[in-house]
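Please walk through this chain with the model open beside the text. The account starts from one side chain and works outward.

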Amino acid sequence: MLKGKTALVTGSTSGIGLGIAKALAAQGANIVLNGFGDVDGPKAEIAALGVQVSYHGADMSKPAEIEAMMEHAKATFGGVDILVNNAGILEKIMRLENMDAARWQRVLGVNVIGSFLIVTDVKSNCLFHCNDTEFRLDGFFVLNNRHIKQANIICVNTVLKHIIHEIQS
């Protein structure tokens, strides 16, 4: 179904991101993994599904690292067909009034700003396989760009966990 397509999944070395990467790989998509922690295990799991897999350890709060990751995807696979913005941190569930500004800025940097940066990098550098149709960012916002076709972007954020915790407290 996705044979010949390439998916970049941020935050994909464990948990939900790894599950999404494995599901896409099971459908035939080549995978660019991203995240912290063990890399060899997830790479082996994806490769065992019969697709190509690469890894880039970009920190989603750092624009230069995001740009380098996108260039890595372009150099390795020629572009990206599917982008899953799964990277997110939740350093410690706590009431917002107990969280210091530096910790909150780090959470926002990875969970929100990083998603924005990777999407704008994709758009500005046309790193998706390109054509003449509309570019839709499902669940985030819509941009029109006549040079991008069938770009699938999925955004998953853990910021909601903070909000849910606040509501439940």
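Leucine 8 is a convenient place to start. Leaving aside neighbours within four places in sequence, leucine 8 is in contact with Val32, Met69, Met70, Ala73, Val80, Ile82, Leu83, Val84 and Ile118. The model is a predicted one, and these contacts are computed from its coordinates.

The largest nonpolar core has 18 residues, and Leu8 is among those that touch the most other members, along with Met60, Ile66, Met69, Met70 and Ile118. Helix 3 (63-77) and helix 4 (101-125) each supply at least two residues of this core. Apart from it lies another core, made of 15 residues, including Leu2, Leu18, Leu24 and Ala29.

The strands come next. Strand 1 (residues 6-9) runs parallel to strand 4, and three bridges join the two. In this pairing, leucine 8 stands opposite leucine 83 of strand 4. Strand 1 is also joined to strand 2 by four bridges, and this pair too runs parallel. Here alanine 7 has isoleucine 31 of strand 2 as its bridge partner. Strand 1 thus has bridges to strand 4 and to strand 2.

How are the two faces of these partner strands covered? In a regular strand the side chains alternate between the two faces of the sheet. For strand 2 (residues 30-33), Asn30 and Val32 lie on one side and Ile31 and Leu33 on the other, and all of them are buried. Strand 4 (residues 82-85) is likewise covered on both faces: Ile82 and Val84 on one side, Leu83 and Asn85 on the other, are all buried. Each of the two strands has an asparagine among its buried residues, Asn30 in strand 2 and Asn85 in strand 4.

Two further buried polar residues deserve a look. Threonine 13 lies in the loop between strand 1 and helix 1 (15-26). Why does threonine 13 count as buried? Its relative accessible area is 8%, and the cut-off for buried is under 20%. Not counting residues up to four places away in sequence, threonine 13 touches Leu18, Asn34, Gly35, Phe36, Asp38, Pro42 and Tyr55. With one of these, phenylalanine 36, there is a close polar pair: its backbone oxygen lies 2.7 Å from a polar atom of the side chain of threonine 13. Leu18, which threonine 13 touches, is also one of the members of the core of 15 residues.

The other residue is serine 115, found in helix 4. Serine 115 counts as buried because its relative accessible area is 3%. From C-alpha to C-alpha, serine 115 and asparagine 86 are 8.5 Å apart in space, while 29 residues separate them in sequence.

Now take the chain as a whole. It has five helices and seven strands, which run β-α-β-α-β-α-β-α-β-β-β-α from the N terminus on. Of its 169 residues, 42% count as buried. Among contacts with a separation of 6 or more, 54% are between residues 24 or more positions apart. The chain exposes about 8,500 Å², of which carbon and sulfur atoms supply 55%.

Confidence remains to be considered. The chain averages a pLDDT of 76, and 70% of the residues score at least 70. Over residues 126-164, pLDDT stays under 50, although the model has 104 contacts beyond four places in sequence for this stretch. Where pLDDT is low, the predicted coordinates should not be read in detail.

Definitions and conventions:
Residues numbered from 1 in each chain as written. Predicted model: local features only at pLDDT ≥ 70, side-chain atom pairs only at ≥ 80, totals over all residues. Heavy atoms only, no water. Buried < 20%, exposed > 50% of the residue type's maximum accessible area, 1.4 Å probe, protein only. Pairing = 2+ DSSP bridges. Core = buried A, V, L, I, M, F, W, Y, C linked by side-chain atoms within 4.5 Å. Contact = heavy atoms within 4.5 Å. Polar contact = N/O pair within 3.5 Å; in protein donor to acceptor, adjacent residues only side chain to side chain. pLDDT = per-residue confidence, 0-100. Areas by Shrake-Rupley, 256 points an atom, 1.4 Å probe, with all protein chains shown as cover.
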